[in-house]
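Student: I have a structure open in front of me, and I would like to work through it step by step. Could we look at it together?

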Amino acid sequence: MAHVITAPCVGTRDRACQRACPVDCIVDAGEHLAIDPVRCVDCGACVSACPVSAIFPEDRVPTEWAAWTSRNRERSASLNR
């Protein structure tokens, strides 16, 4: 299971979570960051580093942001080609 970056990240330019990731699975998706679920090792280092509390384990994404799970997959896959 991977972590998911959700709506509060939109417009945030602080990249603390990206710097905290030991496997470089957080990518810049334009207006927000995204986590590559293939490369994510589910360590959670990004969660505490996120300045806007936008990162959740995939099985704990709040209902209102459920669509962000597939959005993370799509965005990270398109950027890793």
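Student: In which strand is the place of Val 4?

Tutor: Keep in mind that this is a predicted model. The strand that holds Val 4 covers residues 3-5, and its name is S1.

Student: Is Val 4 buried or exposed?

Tutor: A residue counts as buried when its relative accessible area is under 20%. Because the relative accessible area of Val 4 is 3%, Val 4 is buried.

Student: Which cavity does Val 4 line, and which element gives the most residues to that lining?

Tutor: Val 4 belongs to the lining of the second largest cavity, together with Ala 2, His 3, Ile 35, Pro 37, Glu 58, Thr 69, Asn 72 and Arg 73. Two elements, S1 and helix H3 (67-79), each give two or more residues to this lining. The element that gives the most, with three residues, is H3.

Student: What is the volume of the largest cavity, and which residues lie nearest its centre?

Tutor: The structure holds two cavities of 30 Å³ or more, and the volume of the largest cavity is about 60 Å³. Its lining is made up of 13 residues, which divide into 10 nonpolar, two polar and one charged. Those that lie nearest the centre of the largest cavity are Cys 21, Cys 25, Cys 40, Cys 43 and Cys 46.

Student: Which residues touch the most other members of the largest nonpolar core?

Tutor: In soluble globular proteins, nonpolar side chains tend to be buried together. Here the largest nonpolar core has 14 residues, and the ones that touch the most other members are Ile 5, Ile 26, Ile 35 and Ile 55.

Technical notes: Residues numbered from 1 in each chain as written. Predicted model: local features only at pLDDT ≥ 70, side-chain atom pairs only at ≥ 80, totals over all residues. Heavy atoms only, no water. Core = buried A, V, L, I, M, F, W, Y, C linked by side-chain atoms within 4.5 Å. Buried < 20%, exposed > 50% of the residue type's maximum accessible area, 1.4 Å probe, protein only. Helix = DSSP H or I, 4+ residues; strand = E, 2+ residues; numbered from the N terminus. 1 Å grid on protein atoms, 1.4 Å probe; cavity = no way out; pocket = protein on both sides within 12 Å on 5 of 7 lines; lining within 4 Å. Points joined across faces, edges and corners; volume = space filled by probe spheres on them. Nonpolar A, V, L, I, M, F, W, Y, C, P; charged D, E, K, R; others polar.
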